[in-house]
Amino acid sequence: LRETKKSGNRDSLVTAYLNLGNLNLKQNGASRDYEKSKNFFEKALSQIDSSDIKTRALCFEKLGDCARYSASTLAAIKNYDKAFEYYFTLKNFDKLGLMLHRKGDCILDQKNYALAKKNYLKAIEYYQKNNNVNKIASCTSNIWEIYMKQGQSKLALKQFQKAYHIVEDLEMRSYIQFEIGKMYIDSLHLPNRDSLFINSLNH
């Protein structure tokens, strides 16, 4: 009975720390304190039973987010890698894709385009296992961004069109059409340039 009570108290404490960390992450503007969120998630992690893989994975994921939002790129990648290990044990394909996706974002910020693209492509493989089309489209759009930064506009357009044809979320479809329109902003000879912007508003 004592052990059961102790375990219940620990679970309640973990839940409280997780909630506090998440609430702080959702604060707007100056009210958001990533260091405070990090401390809550670290406290939660210190209380989690080693057998609770799911909650440990979530803690490392959230620690990765705290580091990413505060521009601590290396710490973010380290935490996402740790979360990936736990999610791999759980065979949670969407989360595996998400960890690689976020790693790709971190690496893209460092302008390591080849490695960022590698992470996005691997993330797409995991997203495809659950047919998570919106996340697949998001990664595909990020690859478009890489090609644009590299001056490979034809490859960029191909990636964006691929994203547009698979995405289901209307807001993302609107965003993609608008971005394709921007690519053609100086192309006076393109008949459907303006229609891309109009269509993006209609979504």
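Which residue takes a positive phi just after α7? In this predicted model, that residue is Gly151, with a phi of about 75°. The paragraphs below begin with the chain as a whole and then turn to individual helices, loops and the largest pocket.

The secondary structure of the chain consists of 10 helices and 0 strands. Read from the N terminus, the order of elements is therefore α-α-α-α-α-α-α-α-α-α. The chain has 203 residues, and 43% of them count as buried. Contacts between residues at least 6 apart in sequence include 46% that join residues at least 24 apart. The exposed surface of the chain amounts to about 11900 Å², with carbon and sulfur atoms supplying 51% of that area.

Helix α7 covers residues 133-149. Its 17 residues should span 24 Å at 1.5 Å a residue, and the end C-alpha atoms are indeed 24 Å apart, so the two values agree. Of these 17 residues, 12 are buried, and α7 is therefore largely enclosed by the rest of the structure. The buried set includes Val133, Ile136, Ile143, Trp144, Ile146 and Tyr147. Ser138, Thr140, Ser141 and Asn142 are also among the buried residues of α7, as are Ala137 and Cys139.

On the other side of α7 in sequence, Asn131 is placed in the loop between α6 and α7. Asn131 has a positive phi of about 50°, although it is not a glycine. Asn131 counts as exposed because its relative accessibility is 55%, and the cut-off for that class is over 50%.

Helix α4 comprises residues 73-90. For its 18 residues, 1.5 Å a residue gives an expected span of 26 Å; the end C-alpha atoms lie 26 Å apart, so α4 also agrees with expectation. The buried residues of α4 are Thr73, Ala76, Ile77, Asn79, Tyr80, Ala83, Phe84, Tyr86 and Tyr87. The cover over these buried residues includes α3, α5 and α6. Just after α4 comes Lys91, with a positive phi of about 55°. Lys91 is a residue other than glycine, and it is found in the loop between α4 and α5. With a relative accessible area of 49%, Lys91 is partly exposed.

Helix α5, residues 93-109, contains Arg102. Is this arginine, Arg102, buried or exposed? Arg102 counts as buried because its relative accessibility is 15%, and the class requires a value under 20%. Leaving aside residues up to four places away in sequence, Arg102 touches Glu61, Asp65, Arg68 and Tyr80. Tyr80 also appears among the buried residues of α4.

The last topic is empty space. Rolling a probe the size of a water molecule over the atoms shows where such space is left. The largest pocket holds about 170 Å³. Its lining is formed by Tyr34, Glu35, Lys38, Glu42, Leu45, Leu63, Cys66, Ala67, Ser70, Ser72, Ala75 and Asn79. The elements that give two or more residues to this lining are α2 (34-47), α3 (53-69) and α4 (73-90). Helix α2 gives the most, with 5 residues. By character, the lining residues of the largest pocket divide into 6 nonpolar, 3 polar and 3 charged. Asn79 of the lining is also one of the buried residues of α4.

Conventions. Residues are numbered from 1 along each chain as its sequence is written. This is a predicted model: local features need pLDDT of at least 70, side-chain atom pairs count only at pLDDT 80 or more; totals for chains, interfaces and linings use all residues. Side-chain values use heavy atoms; hydrogens and water are left out. On a 1 Å grid over the protein atoms alone, a cavity is a set of points where a 1.4 Å probe fits but cannot get out, and a pocket is an open set with protein on both sides within 12 Å along at least five of seven lines; lining residues have an atom within 4 Å of a point. Grid points are joined across faces, edges and corners, and a volume is the space filled by probe spheres set on the points. Helices (H or I, at least four residues) and strands (E, at least two) are DSSP runs, numbered from the N terminus. Ala, Val, Leu, Ile, Met, Phe, Trp, Tyr, Cys and Pro count as nonpolar, Asp, Glu, Lys and Arg as charged, and the others, Gly among them, as polar. Buried means under 20% relative accessible area, exposed over 50%, partly exposed in between (1.4 Å probe, protein chains only). Contact means heavy atoms within 4.5 Å. Accessible areas come from the Shrake-Rupley method with a 1.4 Å probe; for residues, only the protein chains shown count as cover. The expected span of a helix is 1.5 Å times one less than its number of residues.
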